[in-house]
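Welcome to this tour! Please open the structure in your viewer and keep the selection tool handy, and we will go from stop to stop together.

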Amino acid sequence: MSSRKQYPPVEISFRLLTRTAALLFLFAIACAPATAPSASQGQAASTGTTQPPRTLVAAIRVEPTTLFSTLGLGGGATLSYTQRLFNAYLVNFDARGDPQPYLVAQPPQLNTDSWRVLPDGRMETTYRLKPNLVWHDETPLTADDFVFGWQVYISPARGAGSSPPFSRIDDVLASDPSTVTIRWKDLYAGAGKLAKEFPPLPRHVLGDAFQTSNADAFAAHPYWSTQFIAAGPFRLDRWEPGAFIEGSAFSHYVLGPPRIARVRLIFRSDPGTALASLLSGEAELSADDSLRFEEGLTLQREWAPRNAGSIVLRADLWRAVFVQFRPELLASPALSDVRVRKALALTIDKDGINQALFEGQGILADVAYIPKTMGYYPTIEPVAVKYPLDASRSAALLTEAGYTRGADGVWASPTAGRLLFPLLTGASGPNERELSILGDGWRRAGFDIQENIMPAAQLQDGQARSVFPGLSTISLPNGEDALATSSTVGISALENRWTGRNRGGWSNPEFDRFAAAFSTTLDKQQRVQAIAQMVRIYSDEVPGISMYFNAVPAAHVAALKGPQTVAPNVDLAWNVHEWELR
């Protein structure tokens, strides 16, 4: 076993949350209003003087490699808050998860002139941009910037051409500066809610470089980092690598000038350090996974007596152990045997993980990607193969596969050798505790597990997240759209610059057919049936062993007004321009 840094558990003297049905969706724990203003604040108010605008400081888990928000730029680390501060899209999703107009006056509506299904099965959608849109440098933002964006995304510079929605697009046209028309190769149900997967790109900044640079040089253009501009609520002012990112309110923001004048992002990879930043007043907000569940409990204990802040608990990311399917990378070919994968699934102590990480209040995941709160869950749940803790059933599968348990307690076969599997996780206290529980449980069941930790600096490296030699614990967005990305076209590979979410390289033709059917039918019931079949195949083939949905806290001081409970996969900062820091 490789040496690993151990983190002592944080002691919790009380239970903040109760096990209720509401936890299966999400909930907020809110404290009372902040304490009275200080004497200096009161004096300023009485004398009529104006306090300088305050800067909202947010602790985030990792320093981003880019502020851009779309396919083709890393992955593996949550950056939804960070990207939401600086980017703007065709559509925005409100707290309930419903699409709302953003850069467009109105999203396309099916069976209208804005969303036409053609007799040959193709589609055409039209997006009318709002008037007077501008980039952060105040250059007009036009339909041509979406055309240019599409050209970039499908090029080798970004490698997104094989992934939806770009794999389904035949052409993108700008009939005039305010009209974007997308011609689709076939039916695509997501055409009416294009958001962060298809933002515009500034041709006036990147056009020449795109024409003259090779893919690597274009990917290294400073636009993607320190010279970034977009059309979101804040524009980049300063980026000090390794220290912080600062932005200021964009006065021409399409939804109105933000009420907070300035934002700063500080990088806190250790949850304990992020906790200390909030307790000391260095930061007013935790975002992008900088806090974990137990730190949220600790913070609530410290804040509650003085009504100093609130915690919003989000249950959004699906957590699973993924299997490597690329033969050239596999340290043990035994993982290619579905019976071995099922035996592994049957010896995961989910309840033990739940107790260790969430004090028994976590949200276990019986079905890959799909939480129980989805309205169609009762339809798909019966077809899913379940893997409760069952050592006897696991042993029977291994015996059937030709393995026997040796004197050292490890399963082995004359042809495949010992069942020795490397197990990788991303650096963080909770991940490492989860790693220990998985490793200890599997060793007791007769597997030889080698535990390894990926540094936080590599978590945005798509290639590093994809070339693991055995097993890897990964968190991914939940929901049916994410499930469909487990198809062959979603495989992370050099050809798509390691952007796919199918990290292990699993491929199943039957799953691919249902994934295609899911995205090419507009009928709701047919889409649910396609989801059910994807769930059936995925759970039976076990390319990923489903564990739980992350309960991730976002904490903010009482002086910050605006963060609220949101649906899974909705950005916490969806309405950040309305927030106030008092």
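## Getting your bearings

This is a predicted model, and its mean pLDDT over the chain is 88, with 90% of the residues reaching 70 or more. Start with the whole chain in a cartoon view: 16 helices and 23 strands make it up. Of the 582 residues in the chain, 56% are buried. Among the contacts with a separation of 6 or more, 72% are between residues 24 or more positions apart.

## Stop 1: places to treat with care

Colour the chain by pLDDT and select residues 1–48. Here pLDDT stays under 50, and the model has 87 contacts beyond four places in sequence for this stretch. Now select residues 71–75, where pLDDT also stays under 50 and the model has 20 such contacts. Where pLDDT is low, the predicted coordinates should not be read in detail.

## Stop 2: helix 3

Next, select residues 143–153, which form helix 3. How many of its 11 residues are buried? The count is 9, so helix 3 is largely enclosed by the rest of the structure. Show the side chains of the buried residues: A143, D145, F146, V147, F148, G149, W150, V152 and Y153. To see what they pack against, add strand 7 (169–176), strand 8 (179–184), helix 4 (203–212) and helix 5 (215–219).

## Stop 3: S290 in its loop

Move along to S290, in the loop between strand 12 (285–286) and helix 7 (293–303). Is S290 buried or exposed? Its relative accessibility is 1%, so S290 counts as buried. Leaving aside neighbours within four places in sequence, the residues in contact with S290 are A59, I60, R61, R268, P271 and A274. Try the distance tool too: from C-alpha to C-alpha, S290 and G272 are 9.0 Å apart, while 18 residues separate them in sequence.

## Stop 4: the largest cavity

By the rule used here, the model has 8 cavities of 30 Å³ or more. The largest cavity has a volume of about 140 Å³. It is lined by 14 residues, and A287, D288, D289, R314 and V552 are the closest to its centre, so select those five to find the spot. Then colour helix 2 (80–86), strand 13 (309–323) and strand 21 (544–557), the elements that each give two or more residues to this lining. By class, the lining has 7 nonpolar, 3 polar and 4 charged residues.

## Stop 5: K342 in helix 8

Now pick K342, which lies in helix 8 (residues 338–345). Lysine 342 has a relative accessibility of 16%; the cut-off for buried is under 20%, so K342 counts as buried. Show Y387, L397, D540 and V542 as sticks: K342 is in contact with them, leaving aside its neighbours within four places in sequence.

## Stop 6: a three-stranded sheet

For the last stop, select strands 15, 16 and 17. These 3 strands form an open sheet in the order 15-16-17, with antiparallel pairing. Which strands are at the edges? They are strand 15 (404–405) and strand 17 (417–418), each of which pairs on one side only. Strands of a sheet pair through backbone hydrogen bonds, either parallel or antiparallel. Zoom in on strand 16 (residues 411–413), which is joined to strand 17 by 2 bridges. Finish by clicking S413, which stands opposite G417 in strand 17.

Key. Residues numbered from 1 in each chain as written. Predicted model: local features only at pLDDT ≥ 70, side-chain atom pairs only at ≥ 80, totals over all residues. Heavy atoms only, no water. Pairing = 2+ DSSP bridges. Helix = DSSP H or I, 4+ residues; strand = E, 2+ residues; numbered from the N terminus. 1 Å grid on protein atoms, 1.4 Å probe; cavity = no way out; pocket = protein on both sides within 12 Å on 5 of 7 lines; lining within 4 Å. Points joined across faces, edges and corners; volume = space filled by probe spheres on them. Nonpolar A, V, L, I, M, F, W, Y, C, P; charged D, E, K, R; others polar. pLDDT = per-residue confidence, 0-100. Contact = heavy atoms within 4.5 Å. Buried < 20%, exposed > 50% of the residue type's maximum accessible area, 1.4 Å probe, protein only.
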